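Subject: Structure handover

Hello,

Here is the structure for you to look at. My notes on strands, surface and aromatic rings follow below.

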Amino acid sequence: MKKFLFTTVAFVALGATVPALAADLPARGPVYTKAPAYAAPLYNWTGFYIGGHLGGVFSSDSNFGGLTTGNNGNGRFLGGLQGGADYQFAPNWVIGAEAEYSWIAGNNGSVVFPGGQIYTNNQRGLGSVTGRVGYTWGPGLLYVKGGYAFADNNESLVNGAGAPLAFGFSGDHSNGYTIGAGLEYMLTQNWSAKIEYQYYNFGNSSFTAPAALVPFGSFRTDDHVVKAGVNYRFNWGGPVVARY
(Lines give C-alpha, C1' and ligand atoms only; values in the text may rest on other atoms or scores of the structure.)
Protein backbone atom coordinates (compact mmCIF):
# COMPACT_ATOMS: atom_id res chain seq x y z
CA MET A 1 0.00 0.00 0.00
CA LYS A 2 2.84 2.37 0.84
CA LYS A 3 4.49 1.55 -2.51
CA PHE A 4 1.25 2.31 -4.36
CA LEU A 5 0.82 5.66 -2.60
CA PHE A 6 4.45 6.58 -3.29
CA THR A 7 4.13 5.77 -6.98
CA THR A 8 0.90 7.80 -7.32
CA VAL A 9 2.49 10.85 -5.68
CA ALA A 10 5.51 10.60 -8.04
CA PHE A 11 3.32 10.58 -11.17
CA VAL A 12 1.30 13.57 -9.94
CA ALA A 13 4.49 15.53 -9.26
CA LEU A 14 5.89 14.67 -12.69
CA GLY A 15 2.66 15.80 -14.35
CA ALA A 16 2.86 19.17 -12.65
CA THR A 17 6.52 19.63 -13.62
CA VAL A 18 6.26 18.96 -17.41
CA PRO A 19 3.95 21.94 -18.21
CA ALA A 20 6.17 24.22 -16.18
CA LEU A 21 9.26 23.11 -18.10
CA ALA A 22 7.41 23.55 -21.40
CA ALA A 23 6.48 27.09 -20.41
CA ASP A 24 10.16 27.89 -19.76
CA LEU A 25 11.28 26.79 -23.28
CA PRO A 26 12.00 29.62 -25.77
CA ALA A 27 9.36 30.32 -28.44
CA ARG A 28 10.00 28.82 -31.89
CA GLY A 29 11.01 31.26 -34.63
CA PRO A 30 9.21 31.68 -38.00
CA VAL A 31 9.48 28.91 -40.54
CA TYR A 32 11.35 29.94 -43.68
CA THR A 33 10.62 28.48 -47.12
CA LYS A 34 12.58 28.93 -50.37
CA ALA A 35 11.33 31.92 -52.36
CA PRO A 36 10.08 31.24 -55.91
CA ALA A 37 12.46 31.95 -58.77
CA TYR A 38 12.51 35.60 -59.82
CA ALA A 39 10.97 36.21 -63.24
CA ALA A 40 12.11 39.41 -64.95
CA PRO A 41 9.98 40.51 -67.90
CA LEU A 42 11.78 41.25 -71.16
CA TYR A 43 10.40 43.10 -74.17
CA ASN A 44 8.83 41.07 -76.96
CA TRP A 45 9.59 42.14 -80.55
CA THR A 46 7.59 39.38 -82.21
CA GLY A 47 4.57 40.57 -84.19
CA PHE A 48 3.27 42.91 -86.87
CA TYR A 49 3.59 46.71 -86.81
CA ILE A 50 2.56 49.81 -88.76
CA GLY A 51 3.89 53.33 -88.45
CA GLY A 52 5.04 56.57 -90.02
CA HIS A 53 8.24 58.55 -90.48
CA LEU A 54 9.60 62.01 -91.29
CA GLY A 55 13.03 63.06 -92.46
CA GLY A 56 15.15 64.35 -95.30
CA VAL A 57 16.58 62.98 -98.56
CA PHE A 58 19.90 64.08 -100.05
CA SER A 59 20.45 63.15 -103.71
CA SER A 60 23.93 62.83 -105.13
CA ASP A 61 24.71 65.14 -108.04
CA SER A 62 24.34 63.33 -111.37
CA ASN A 63 26.74 64.05 -114.20
CA PHE A 64 26.24 64.13 -117.99
CA GLY A 65 29.75 64.35 -119.40
CA GLY A 66 30.62 67.26 -117.13
CA LEU A 67 27.13 68.80 -116.95
CA THR A 68 25.77 68.50 -113.43
CA THR A 69 22.18 67.94 -112.47
CA GLY A 70 20.64 67.44 -109.06
CA ASN A 71 19.90 69.55 -106.05
CA ASN A 72 23.61 70.22 -105.35
CA GLY A 73 23.46 68.52 -101.96
CA ASN A 74 20.44 70.42 -100.67
CA GLY A 75 18.06 68.27 -98.68
CA ARG A 76 14.40 67.79 -99.47
CA PHE A 77 11.61 67.01 -97.03
CA LEU A 78 10.43 63.42 -96.87
CA GLY A 79 7.55 61.68 -95.08
CA GLY A 80 5.84 58.33 -95.37
CA LEU A 81 4.48 55.09 -93.96
CA GLN A 82 5.95 51.71 -93.11
CA GLY A 83 4.71 48.31 -92.04
CA GLY A 84 6.27 44.96 -91.32
CA ALA A 85 6.72 42.00 -89.03
CA ASP A 86 9.46 40.89 -86.63
CA TYR A 87 10.31 37.56 -85.02
CA GLN A 88 12.42 37.31 -81.87
CA PHE A 89 13.98 33.87 -82.32
CA ALA A 90 16.43 34.08 -79.42
CA PRO A 91 16.69 36.23 -76.27
CA ASN A 92 18.82 38.81 -78.09
CA TRP A 93 18.18 38.38 -81.84
CA VAL A 94 15.38 39.64 -84.09
CA ILE A 95 14.72 39.09 -87.81
CA GLY A 96 11.99 40.75 -89.84
CA ALA A 97 10.69 42.18 -93.10
CA GLU A 98 9.45 45.69 -93.86
CA ALA A 99 7.79 47.62 -96.68
CA GLU A 100 7.74 51.41 -96.78
CA TYR A 101 6.98 54.35 -99.03
CA SER A 102 8.11 57.96 -98.66
CA TRP A 103 6.74 61.03 -100.43
CA ILE A 104 9.34 63.64 -101.38
CA ALA A 105 8.87 67.39 -101.72
CA GLY A 106 10.60 69.13 -104.62
CA ASN A 107 12.65 67.54 -107.41
CA ASN A 108 16.18 66.39 -108.13
CA GLY A 109 16.87 69.38 -110.33
CA SER A 110 17.40 70.02 -114.03
CA VAL A 111 20.27 70.07 -116.48
CA VAL A 112 20.52 72.37 -119.50
CA PHE A 113 22.38 70.85 -122.48
CA PRO A 114 24.36 72.99 -124.96
CA GLY A 115 21.64 72.59 -127.60
CA GLY A 116 19.08 74.18 -125.27
CA GLN A 117 17.32 70.96 -124.21
CA ILE A 118 16.35 70.80 -120.54
CA TYR A 119 16.05 67.49 -118.72
CA THR A 120 14.19 67.44 -115.36
CA ASN A 121 13.67 64.56 -112.97
CA ASN A 122 10.92 65.14 -110.43
CA GLN A 123 11.56 62.29 -107.98
CA ARG A 124 8.21 62.15 -106.21
CA GLY A 125 8.81 59.20 -103.90
CA LEU A 126 11.01 56.34 -102.73
CA GLY A 127 9.87 52.85 -101.77
CA SER A 128 11.51 49.69 -100.53
CA VAL A 129 10.88 46.10 -99.48
CA THR A 130 13.63 44.94 -97.16
CA GLY A 131 14.67 42.29 -94.71
CA ARG A 132 16.34 43.21 -91.46
CA VAL A 133 18.23 41.57 -88.63
CA GLY A 134 18.94 43.12 -85.26
CA TYR A 135 20.41 42.66 -81.80
CA THR A 136 18.17 43.58 -78.87
CA TRP A 137 18.86 44.31 -75.22
CA GLY A 138 15.71 45.05 -73.26
CA PRO A 139 13.82 47.86 -74.99
CA GLY A 140 16.59 48.64 -77.51
CA LEU A 141 17.05 47.12 -80.99
CA LEU A 142 20.08 47.86 -83.16
CA TYR A 143 19.54 46.59 -86.71
CA VAL A 144 20.70 46.53 -90.33
CA LYS A 145 18.43 46.19 -93.35
CA GLY A 146 18.63 45.74 -97.11
CA GLY A 147 16.63 44.79 -100.18
CA TYR A 148 14.73 46.06 -103.21
CA ALA A 149 14.12 49.77 -103.86
CA PHE A 150 12.18 51.77 -106.41
CA ALA A 151 11.93 55.45 -107.29
CA ASP A 152 8.73 57.16 -108.41
CA ASN A 153 10.22 59.38 -111.13
CA ASN A 154 8.36 61.96 -113.20
CA GLU A 155 10.81 62.95 -115.94
CA SER A 156 10.61 65.40 -118.80
CA LEU A 157 12.74 66.73 -121.66
CA VAL A 158 11.90 70.00 -123.41
CA ASN A 159 13.57 72.14 -126.03
CA GLY A 160 14.56 75.75 -125.62
CA ALA A 161 11.00 76.87 -126.39
CA GLY A 162 9.55 74.60 -123.70
CA ALA A 163 8.04 72.06 -126.11
CA PRO A 164 8.28 68.43 -124.93
CA LEU A 165 10.69 66.08 -126.69
CA ALA A 166 10.65 62.30 -126.93
CA PHE A 167 13.57 60.63 -125.14
CA GLY A 168 14.84 57.22 -124.10
CA PHE A 169 17.38 55.78 -121.67
CA SER A 170 19.59 52.77 -121.41
CA GLY A 171 19.52 51.19 -117.98
CA ASP A 172 16.79 51.59 -115.41
CA HIS A 173 17.03 54.38 -112.86
CA SER A 174 13.70 53.51 -111.23
CA ASN A 175 14.58 50.08 -109.79
CA GLY A 176 17.57 49.34 -107.59
CA TYR A 177 18.67 48.34 -104.11
CA THR A 178 18.82 49.85 -100.65
CA ILE A 179 20.82 49.23 -97.49
CA GLY A 180 20.56 50.88 -94.11
CA ALA A 181 20.85 50.72 -90.35
CA GLY A 182 18.93 52.05 -87.39
CA LEU A 183 18.11 52.05 -83.72
CA GLU A 184 14.60 51.31 -82.47
CA TYR A 185 13.46 51.73 -78.86
CA MET A 186 10.32 50.23 -77.36
CA LEU A 187 8.54 52.94 -75.37
CA THR A 188 5.74 50.62 -74.19
CA GLN A 189 4.67 47.09 -75.09
CA ASN A 190 2.85 48.47 -78.17
CA TRP A 191 4.73 51.65 -79.13
CA SER A 192 8.29 52.05 -80.40
CA ALA A 193 10.34 54.89 -81.91
CA LYS A 194 13.27 54.70 -84.31
CA ILE A 195 15.98 56.67 -86.09
CA GLU A 196 17.36 55.31 -89.35
CA TYR A 197 19.76 55.92 -92.22
CA GLN A 198 19.03 54.39 -95.63
CA TYR A 199 20.99 54.48 -98.89
CA TYR A 200 19.24 54.00 -102.25
CA ASN A 201 21.09 53.16 -105.49
CA PHE A 202 19.37 53.06 -108.88
CA GLY A 203 22.44 52.61 -111.05
CA ASN A 204 23.68 54.49 -114.11
CA SER A 205 21.66 55.45 -117.20
CA SER A 206 22.36 57.27 -120.44
CA PHE A 207 20.31 58.79 -123.23
CA THR A 208 19.55 56.63 -126.26
CA ALA A 209 17.37 59.37 -127.80
CA PRO A 210 17.42 62.08 -128.97
CA ALA A 211 20.68 61.51 -130.82
CA ALA A 212 22.05 64.93 -129.88
CA LEU A 213 22.18 63.91 -126.18
CA VAL A 214 23.76 60.48 -126.61
CA PRO A 215 27.37 61.80 -126.56
CA PHE A 216 26.89 63.29 -123.08
CA GLY A 217 27.27 59.87 -121.51
CA SER A 218 25.60 58.48 -118.38
CA PHE A 219 24.33 59.83 -115.09
CA ARG A 220 24.01 58.26 -111.66
CA THR A 221 20.90 58.17 -109.47
CA ASP A 222 21.33 57.54 -105.73
CA ASP A 223 19.88 58.98 -102.54
CA HIS A 224 20.77 59.24 -98.86
CA VAL A 225 17.84 59.31 -96.42
CA VAL A 226 17.83 60.13 -92.70
CA LYS A 227 14.51 59.73 -90.89
CA ALA A 228 12.80 59.28 -87.54
CA GLY A 229 9.60 57.32 -87.04
CA VAL A 230 7.17 55.63 -84.69
CA ASN A 231 5.53 52.19 -84.86
CA TYR A 232 2.44 50.68 -83.30
CA ARG A 233 3.06 47.00 -82.57
CA PHE A 234 0.51 44.18 -82.56
CA ASN A 235 2.59 41.85 -80.41
CA TRP A 236 1.98 38.11 -80.34
CA GLY A 237 1.57 37.00 -76.75
CA GLY A 238 3.12 38.56 -73.64
CA PRO A 239 6.70 39.57 -73.02
CA VAL A 240 9.50 37.04 -73.14
CA VAL A 241 10.49 35.92 -69.62
CA ALA A 242 14.00 35.29 -68.32
CA ARG A 243 14.38 33.24 -65.13
CA TYR A 244 17.23 33.62 -62.65
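Strand E9 (residues 140–158) pairs with strand E11 (residues 175–186) in the antiparallel sense, over 11 bridges. Helices (H or I, at least four residues) and strands (E, at least two) are DSSP runs, numbered from the N terminus, and two strands pair if DSSP finds at least two bridges between them. Leucine 142 stands opposite leucine 183 in E11. E11 is also joined to strand E12 (residues 191–209), by 10 bridges, and these two run antiparallel. There, glycine 182 has glutamate 196 in E12 as its bridge partner. The connection from E11 to E12 is a hairpin of four residues.

This is a predicted model, in which local features need pLDDT of at least 70 and side-chain atom pairs count only at pLDDT 80 or more, while totals for chains, interfaces and linings use all residues. Residues are numbered from 1 along each chain as its sequence is written, and side-chain values use heavy atoms, with hydrogens and water left out.

On the surface, a nonpolar patch of about 1,100 Å² includes Tyr87, Trp93, Trp137, Leu142 and Leu183. Patch residues have over 30% relative accessible area and no salt bridge, and nonpolar side chains (Val, Leu, Ile, Met, Phe, Trp, Tyr) are joined within 5 Å. A salt bridge is a side-chain nitrogen of Lys or Arg within 4 Å of a carboxyl oxygen of Asp or Glu. Areas come from the Shrake-Rupley method with a 1.4 Å probe, and for residues only the protein chains shown count as cover. E8 gives the largest share of the patch, three residues. Tyrosine 87, in strand E5, is partly exposed, with a relative accessible area of 46%; buried means under 20%, exposed over 50%, and partly exposed in between.

There are 19 aromatic pairs in the structure. Rings of Phe, Tyr and Trp (its six-membered ring) pair if their centres lie within 6.5 Å; planes under 30 degrees apart count as stacked, over 60 as edge-to-face and the rest as tilted. Tyrosine 119 and phenylalanine 167 are edge-to-face, because their ring centres are 6.5 Å apart and their planes stand at 75 degrees. This pair links distant parts of the chain, 48 residues apart. Tyrosine 119 is buried at 2% relative accessibility, whereas phenylalanine 167 is partly exposed at 30%. Phenylalanine 169 and phenylalanine 219 also form an edge-to-face pair, with centres 5.5 Å apart and planes at 65 degrees. Ring pairs link Phe113, Tyr119, Phe167, Phe169, Phe207, Phe216 and Phe219 into a cluster.

Regards

Methods
Patch = residues over 30% accessible without salt bridge, like charges linked within 9 Å, V, L, I, M, F, W, Y side chains within 5 Å. Buried < 20%, exposed > 50% of the residue type's maximum accessible area, 1.4 Å probe, protein only.
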